[in-house]
Amino acid sequence: MSQYALLCLFTCGLPAATMLSAQPAQVGGPEFEVASVRVAVPTSQTDHGGVTHGGPGTDDPGRIQYRAFELRDLILHAYHIPFYRLVIPDSFKGKYFDIVANLPAGTSQEQLELMLQKLLADRFELRVHRQPTSLDTYTMVVAKSGAKLKPTTFTAEEIEKHVIRRDPDGWLFLMPGRISGGPVNGTTVYDTGGGNLEMSDLARYLEIYLRTSVTDATGLTGKYDIKFRASMQPVGLLSPQSSQAPAREASDPAPDLFQALEQQLGLKLEKTKALLDVIVVDSALAVPTEN
């Protein structure tokens, strides 16, 4: 039976390219009416924080809270970028902060991001530069054999109630709109899947594992119940250390991720190159100005 482990996001180093001068995160534009910044500690080893409350589009649009956020995650929110486009020193890992701020009436999501950039510049003295970087990326397409995807069997009621149920084959939990995965019997073979998924959901999941951009070019617009089994070596974020016990090589190994997608789902990842704008942290305070 599979053991299931949640994914965590980690910063990755990226190759050097043309370097632009360091600059404050944000020196002008909109700002919070008032903001409190305090050092925080997650309540337990399993509670890693990173929870937001309020803000644009919620029932509390005039107030935003970031609970137990690492500096890395605050930067990701401020610049609206995926983790693989941020380079930050390891010395900032494991330090958490609580931020509570009041927003002017009518603040948009884009304005909120600029406000957070300014706060990082003021309180953390964050200095960054943008660095165009050539990265390996992937395009997800339908394989020559054709897609092997099953339309979702989740009902509207189950989706609304976020019902979690086991796959009919009995080997995988399916959650509507979410993808989960875990090692099979403590091995490096992973069962992965979710219910009521769009192709964009799968592409985002693959970005986490591969640590680079994955673009959906399948042309498939439906919602599907997706599952696949693959040998998930620590190429990206999934690793044997995700499970409670040390993982071991499977006696009956599964295909690797690329083979599994093509054989089991009829999807193919084609490698391409892209010049992406990467944000590099030059300096910041380890302990910010609190108030």
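Strands, as the term is used here, are DSSP runs of E at least two residues long, numbered from the N terminus. By that reading, Glu 70 of this predicted model is found in strand β4. Glu 70 has a relative accessible area of 10%, and because buried means under 20%, this residue counts as buried. Once neighbours within four places in sequence are set aside, the contacts of Glu 70 are with Phe 92, Lys 93, Gly 94, Lys 95 and Tyr 96.

Strand β4 also leads into the nonpolar interior. The largest nonpolar core holds 34 residues, and those touching the most other members are Phe 32, Tyr 66, Ile 75, Leu 86, Leu 119, Leu 120 and Phe 124. At least two residues of this core come from each of β2 (34-40), β4 (63-70), α1 (71-79), β6 (96-102), α2 (109-123), β7 (127-142) and β15 (267-283). Helix α1 gives the most, with six residues. Tyr 66 offers a good place to start looking around. Apart from neighbours within four places in sequence, Tyr 66 is in contact with Val 51, Thr 52, Leu 74, His 77, Phe 97, Asp 98, Ile 99, Leu 112 and Leu 116. A second core, separate from this one, has 24 residues, and among them are Tyr 138, Tyr 190, Leu 197 and Met 199.

Helix α2 deserves a view along its length. Its 15 residues reach 21 Å from the first C-alpha to the last, close to the 21 Å expected at 1.5 Å a residue. The buried residues of α2 are Leu 112, Glu 113, Met 115, Leu 116, Gln 117, Lys 118, Leu 119, Leu 120, Ala 121 and Arg 123. Charged side chains therefore appear in this buried set, including Glu 113, Lys 118 and Arg 123, each under 20% relative accessible area. Just after the helix, Glu 125 takes a positive phi of about 50°.

The aromatic rings come next, with a count of four aromatic pairs. In one of them, Phe 83 and Tyr 84 meet edge-to-face, at 5.7 Å centre to centre and with 80° between the planes. Phe 83 counts as buried at 6% relative accessibility, and Tyr 84 is buried with a relative accessible area of 4%. Phe 97 and Phe 124 form another edge-to-face pair, at 5.0 Å centre to centre and 90° between the planes. This pair links distant parts of the chain, with Phe 97 in strand β6 and Phe 124 in the loop between α2 and β7, 27 residues apart. Both Phe 97 and Phe 124 are buried.

Rings also receive charged groups from above. Arg 165 lies over the face of Phe 154, at 3.8 Å from the ring centre. Arg 166 places its charged end over the ring of Phe 173, 4.3 Å from the centre of that ring.

Strand pairing can be followed from β15 outwards. Strands β7 and β15 run antiparallel and are joined by 16 bridges, with Thr 137 standing opposite Thr 272 in β15. Strand β5 (residues 86-87) pairs with β15 in the parallel sense over two bridges. Leu 86, one of the core residues that touch the most other members, has Ile 279 of β15 as its bridge partner.

Strand β14 (residues 224-231) has partners of its own. Seven bridges join β14 to β12 (residues 189-197), and these strands run antiparallel. Tyr 190, a member of the second core, has Ala 230 in β14 as its bridge partner. Strand β8 (residues 150-151) is likewise antiparallel to β14, through two bridges, and Pro 151 has Tyr 224 as its bridge partner. Six of the eight residues of β14 are buried, so this strand is largely enclosed by the rest of the structure.

A final stop is Ser 213, in the loop between α4 (199-210) and β13 (214-216). Although a loop residue, Ser 213 is buried, with a relative accessible area of 16%. Beyond neighbours within four places in sequence, Ser 213 is in contact with Tyr 84, Thr 137, Tyr 138 and Glu 207. Several of these names have already appeared: Tyr 84 in the aromatic pair with Phe 83, Thr 137 opposite Thr 272, and Tyr 138 in the second core.

Methods
Residues are numbered from 1 along each chain as its sequence is written. This is a predicted model: local features need pLDDT of at least 70, side-chain atom pairs count only at pLDDT 80 or more; totals for chains, interfaces and linings use all residues. Side-chain values use heavy atoms; hydrogens and water are left out. A nonpolar core is a set of buried Ala, Val, Leu, Ile, Met, Phe, Trp, Tyr and Cys residues joined through side-chain atoms within 4.5 Å. Buried means under 20% relative accessible area, exposed over 50%, partly exposed in between (1.4 Å probe, protein chains only). Helices (H or I, at least four residues) and strands (E, at least two) are DSSP runs, numbered from the N terminus. Contact means heavy atoms within 4.5 Å. The expected span of a helix is 1.5 Å times one less than its number of residues. Two strands pair if DSSP finds at least two bridges between them. Rings of Phe, Tyr and Trp (its six-membered ring) pair if their centres lie within 6.5 Å; planes under 30 degrees apart count as stacked, over 60 as edge-to-face and the rest as tilted. A charge sits over a ring if NZ of Lys or CZ of Arg is within 6 Å of the ring centre and within 35 degrees of the ring normal.
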